[in-house]
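Trainee: I'm new here, and I'd love to walk through the open and enclosed spaces with you. Shall we begin?

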Amino acid sequence: MTPLRFAALASGGGSNLQTLLDRIDSRELPANCVFVASNNSRAMALDRARQKGIPAYHVSSKTEGSEEGVAVKLLNLIEHHSANLLVLAGYMKKVPDAVLQKLHNRVVNIHPALLPEFGGQGFYGHHVHEAVVRQGKTATGVTIHMVNEEYDKGQIVLQRKVNIPSGADAETVGRLVLAKEHDSYWRVLKAFAEDDIVPTDSRDPAHAVQIHPRWLEQMRALDV
Ligand code: GRF
C-alpha cells in the first residue's frame with residue numbers, strides 16, 4: 001500500500017476539508033493532507049489548513065499571472081509535496097488539463113446531488129438545492145466521482161441518498177446534504193488509502209478506478 005498523500009483544492013468554507021482533517025486527527029483516516037490551495041485568498045479552507053500546520057497556498061491567475069501560470073504552480077506543488085491524490089472540496093475553478101494528466105485517474109470531487117441529475121454548468125452551491133426543491137423531488141443526495149476533462153461526468157465512486165422531508169426548503173435540503181457529505185468523503189479517501197479503490201491506467205473515464213465489491217457492500221449497508 002502506498003501511503004495516501006492527498007492535496008486539496010477548495011474555494012470556500014472548507015467544511016468538507018475540515019471533516020477530512022478531523023478524521024486524520026482521530027486516526028480514522030490513514031492519510032496525510034500535504035497541502036491545500038485555493039483560488040480565493042480569503043477562503044476559510046486556507047485558514048483551516050494553516051491551523052493544522054498544513055501548507056496553504058493562494059494560487060490564482062492574479063498570483064500567477066495567467067491560467068497557464070496556475071497550472072504550472074499546481075504541478076510544482078504536487079511534485080514538491082509528493083501528492084498522489086487531488087481532492088476537490090468545493091473548488092469553483094476548472095482543474096487545468098495538465099494537472100489532470102499528471103494525476104491521471106487520481107482526482108476526486110464531491111457534488112451535492114445525485115449525478116447525472118443536477119450536474120454540469122450552473123449546478124453549484126445553493127443552485128443545486130433550489131433546482132431540486134423546484135422540481136418537487138422527494139430525495140436527493142451526494143455523489144463522489146472521479147474527475148476528468150468533462151465536468152461532473154467522471155466515474156461515480158459513491159452515491160448516498162438523502163430523503164427530503166415534505167415542505168423542506170432549499171436551505172434545509174442543503175444542510176441535510178452537507179451532513180451526508182461530511183459522513184461520506186472521508187470514507188472514500190480511506191478506501192483509497194486502503195486500496196479498496198485503486199486508480200487504473202485506463203483512458204476510459206468509466207474505468208478510472210477499480211472499486212472493491214466488499215467496500216461497496218459496506219457503503220450500501222450504511223444507509224439501510
Ligand atoms: C459542497 O456542497 C460540495 O459538494 C460542493 O461544494 C460544497 C463545498 O462546501 N462541491 P464546503 O466548502 O466543503 O463547506
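**Spaces and the ligand**

Mentor: Gladly! This is a predicted model, and the structure holds one cavity of 30 Å³ or more.

Trainee: How much space lies in the largest cavity?

Mentor: Let's look at its walls before its volume. The lining is made of K94, V95, L100, V147, N148, E149 and Y151. By class, that gives four nonpolar, one polar and two charged residues. The space in this largest cavity is about 40 Å³.

Trainee: Which pocket does the ligand take up?

Mentor: Pockets are open, unlike cavities. About 900 Å³ of space lies in one of them, the largest pocket. Of the 33 residues lining this pocket, the closest to its centre are G90, M92, P112, Y124 and G125. The space taken by the ligand is that of the largest pocket.

Trainee: Which element gives the most residues to the lining of the largest pocket?

Mentor: By class, this lining divides into 11 nonpolar, 16 polar and six charged residues. The top contributor supplies five residues to the lining, and that element is α7.

Trainee: Which elements each supply at least two residues of the shell around the ligand?

Mentor: Start with the shell itself: G13, G14, S15, N16, G90, I110, H111, P112 and E181. By class, these are two nonpolar, six polar and one charged residues. One of the elements spans 15-25 and the other 107-111. They are α1 and β5.

Trainee: How far is an oxygen atom of the ligand from an N or O atom in the side chain of S15?

Mentor: Two other distances help set the scene. A polar backbone atom of N16 is 2.8 Å from a ligand oxygen, and an N or O atom in the side chain of E181 is 2.7 Å from a ligand oxygen. For the side chain of S15, the distance is 2.5 Å.

Trainee: And what share of the ligand's exposed area does the protein bury?

Mentor: Picture the ligand taken alone, where it exposes 370 Å². Of that area, the protein buries 78%.

Trainee: What is the volume of the second largest pocket?

Mentor: Sixteen residues line this pocket, and the closest to its centre are N39, S60, S61, E67 and K93. Both α3 (61-64) and α4 (67-80) supply at least two residues of the lining. By class, the lining has five nonpolar, six polar and five charged residues. The volume of the second largest pocket is about 310 Å³.

Conventions: Residues are numbered from 1 along each chain as its sequence is written. This is a predicted model: local features need pLDDT of at least 70, side-chain atom pairs count only at pLDDT 80 or more; totals for chains, interfaces and linings use all residues. Side-chain values use heavy atoms; hydrogens and water are left out. A residue is near a molecule or strand if one of its heavy atoms lies within 4 Å of it. A polar contact is a pair of N or O atoms within 3.5 Å; within protein, one must be able to donate a hydrogen and the other to accept it, and residues adjacent in sequence count only if both atoms are side-chain atoms. Accessible areas come from the Shrake-Rupley method with a 1.4 Å probe; for residues, only the protein chains shown count as cover. On a 1 Å grid over the protein atoms alone, a cavity is a set of points where a 1.4 Å probe fits but cannot get out, and a pocket is an open set with protein on both sides within 12 Å along at least five of seven lines; lining residues have an atom within 4 Å of a point. A molecule sits in a cavity or pocket if more than half of its atoms lie within 2 Å of its grid points. Helices (H or I, at least four residues) and strands (E, at least two) are DSSP runs, numbered from the N terminus. Ala, Val, Leu, Ile, Met, Phe, Trp, Tyr, Cys and Pro count as nonpolar, Asp, Glu, Lys and Arg as charged, and the others, Gly among them, as polar. Grid points are joined across faces, edges and corners, and a volume is the space filled by probe spheres set on the points.
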